[in-house]
Amino acid sequence: MLTVVTGINWGDEGKGRVIDLLAEKANVVARFQGGDNAGHTVVVGKEKYVMNLLPSGILHPDVVCVLGPGMVIDLEELLHEMDSLREKGISITPRNLKISDKATISMPWHRIQDELEEERLSGSGRAFGSTKRGIAYAYSDKYRKKTLRIGDLLHLEEPEVQDRISMILEAKNLELAGCYHQEPMSESAFRFWCGGMAESLRDYISDTGTFLENELKEGKRVLLEAQLGAMRD
């Protein structure tokens, strides 16, 4: 059985509370779009849990949480969120968290671009009011084929991935230098960053599409969580 929860307004409708209630009877809770520019807070007893990327189903030990292929994922924020929940006694393992190999990586420079553009626009009073999490830039680069997918972290030594990293850095440095007069970013430093992310997350990365398809075939209860409101999307 498939259940979808999405907002019908602009966001902040309390979807997290609904997801948390429905998750008690779900086998799988999956995020399928968005990034960490919004989130939800769940209070259990006297403990407050704040999640920007992970579905609130992660608080239920028997629920498998999925970060789906439509997401843009800030890996540093994800690791921080996982550590914060673990400190509060929440178990997060490859058994109950699966990250799509097709999800897009929200790169460190996407936040930088977001901040620089807001600063540029603020001088003329036209700032957008961005959360400065780099979400728009991550999605833009996704469709321009100027970023990596999560699954690429498992193949960093392959020539195709290495060539794409070089191409991405070359293009991004042209943008940052030409538009915002920033110093070029180091390719070696970025490769090192990718290696660290791969080491931390490789056991969580999988083909979540096949996983969800199999769960539905077996009659499992799958809950889909949209991040923002329908009118905003």
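Start with the whole chain, coloured by secondary structure: 7 helices and 10 strands. Both are DSSP runs numbered from the N terminus, helices being H or I of at least four residues and strands E of at least two. This is a predicted model, where local features need pLDDT of at least 70 and side-chain atom pairs count only at pLDDT 80 or more, while totals for chains, interfaces and linings use all residues. Residues are numbered from 1 along each chain as its sequence is written, and side-chain values use heavy atoms, without hydrogens or water.

Next, show the C-alpha trace. Along its principal axes it spans about 50 × 45 × 30 Å. The radius of gyration is 18 Å, which agrees with the value near 17 Å for a compact globule of 233 residues. That radius is taken over C-alpha atoms, and the globule rule is 2.2 Å times the number of residues to the power 0.38.

Switch on the surface. Its accessible area is about 12,100 Å², with 53% belonging to carbon and sulfur atoms; the method is Shrake-Rupley with a 1.4 Å probe. Buried residues make up 47% of the 233, buried meaning under 20% relative accessible area (1.4 Å probe, protein chains only).

Now select helix α3, residues 108–122. Its end C-alpha atoms are 22 Å apart, in agreement with the 21 Å expected for 15 residues, at 1.5 Å times one less than the number of residues. Show side chains: Trp 109, His 110, Leu 116 and Leu 121 are among the buried residues.

Which elements do the buried residues of α3 pack against? Select β8 (104–105), α4 (135–143), α5 (159–180) and α6 (187–201). Contact here means heavy atoms within 4.5 Å.

Conventions
Buried means under 20% relative accessible area, exposed over 50%, partly exposed in between (1.4 Å probe, protein chains only).
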